[in-house]
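Hello,

Here is the structure we talked about handing over. My notes follow below it.

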Amino acid sequence: RTVYLSVDPFLRCRFNASTGVDYTQPYALGEPIASAGIGEVLQVGDAVRGLAPGDLVVEPFDSFPWQSVAVLEAAKVQRVPPLLALLLPPSALLGACGQTGLTAWCGLETVGGGRPNGSDVVAVSGAAGAVGSLVGQLCKRRGAAVVGVCGSEAKVDFLQELGFDRALNRHSADLRADLRAALLSVPQADRALGTSRSPQPADITLYWDNVGGAVSDLVIQCMAPRSELLLCGQISTYDAEGDYPPPLPAESAAVVERRRIRRERYTVVKYKHRFAPALAELCALVAAEELRAEETVYDGLDAAPAAFIDMMGGGNTGKAVVRCSELPPPVARAAALRAWLPPALRGRLARSFVTPEALGVG
């Protein structure tokens, strides 16, 4: 029985004849759309071990059909311990404590050299989305200055609540001037004085790109020599024909070459060996409310197509999920008690009991 479905930008690629990647396949005509999802077990086959009716399970990637009741391969799901709901919302297993959180965590781990750190200025596009909002928070935890670009004034306010140093609306009348002003105001700018002793804008040393297009062209102009650009997504181009990722315009490509910027396409599935410890840490941070796992929740299976369209247009804040039915009673009771546990205690309990083995990723 479907409880939650995940709505993610990469699903757009599955509507094409070719996804352009080897880790997920195109949707088949006449078959249900599928994504990550959470469900309650109603029945198990005779050969299945470790699962029983009433269990909550998560399919963490792309194989949970968009239907009210579904048949899933037991090997593709992981049992969710009922008491986990005492520590964090089960839907977080589709977001900050699932593939979304892993994308942010593992991507930052690939930067290397102990970075980002207090000397870095990080820019994030799509910063109020599922991945971007987590990337910004994790960079702040490491001491970096973070500038986020988002799609509305409400999202600007949201990013400021998360602790971003500066948040910019990409629909601004002069985004270039806004970005320059933001880079003048971060602490790192104070160490970048020109010959006139007037402050100079700080250079961006790491750019996490979820969007591509004109926003990225502008950010690239402000990047430091030998800086890094993690190409996580290009949502502005997903409806366009042509290669993925799309080639940069000539001016941006020249800047990347001249400044020796490392522009690397990033996919989280290459880092499965890091999933177990990363998930355990992410669960602890979310349980302790040290990492905010924002969600936009759409109610009812019938709302799933509209949720997907809304997400592709930037209508969500944080992770987009579709709530299809209620949690199993034991899990719902545990979830109801969560508010009575202080966040610090939840965090300590998560570090003790939410192990990679408990999450089924050991």
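Trp208 is buried, at 0% relative accessibility in this predicted model. Its partner is Tyr266, which also counts as buried, at 4%. The ring centres of Trp208 and Tyr266 are 5.7 Å apart and the planes stand at 70 degrees; the pair is therefore edge-to-face. Trp208 belongs to strand β8 (residues 204–209) and Tyr266 to the loop between β10 (262–265) and α7 (275–287), so the pair links parts of the chain 58 residues apart.

The count of aromatic pairs comes to 6. Another one, Tyr23 with Phe61, is tilted, at 6.2 Å centre to centre and 45 degrees between the planes. Tyr23 sits in the loop between β1 (2–7) and β2 (34–40) and Phe61 in strand β3, so this pair ties together parts 38 residues apart in sequence. Phe61 is buried at 18% relative accessible area, whereas Tyr23 is partly exposed at 28%. Ring pairs join Phe10 to these two in a cluster of Phe10, Tyr23 and Phe61.

On the sheet: 6 strands form an open sheet in the order β4-β3-β2-β1-β12-β11, with mixed pairing. Its edges are β4 (78–80) and β11 (295–299), each paired on one side only. The average twist is 25 degrees from one strand to the next. Strands β3 (residues 56–65) and β4 are antiparallel over 3 bridges, with Leu56 opposite Val80 of β4.

Last, Gln234, in the loop between β9 (223–231) and α6 (250–258). Gln234 is buried, at 3% relative accessibility, and its side chain makes a polar contact of 2.9 Å with the side chain of Asp209. Beyond its sequence neighbours within four places, Gln234 has contacts including Tyr244, Pro246 and Arg263.

Regards

Technical notes: Residues numbered from 1 in each chain as written. Predicted model: local features only at pLDDT ≥ 70, side-chain atom pairs only at ≥ 80, totals over all residues. Heavy atoms only, no water. Pairing = 2+ DSSP bridges. Helix = DSSP H or I, 4+ residues; strand = E, 2+ residues; numbered from the N terminus. Axes fitted to C-alpha atoms, helices over the stretch in contact; angles between N-to-C directions. Buried < 20%, exposed > 50% of the residue type's maximum accessible area, 1.4 Å probe, protein only. Polar contact = N/O pair within 3.5 Å; in protein donor to acceptor, adjacent residues only side chain to side chain. Contact = heavy atoms within 4.5 Å. Phe/Tyr/Trp six-rings, centres within 6.5 Å; stacked < 30°, edge-to-face > 60°.
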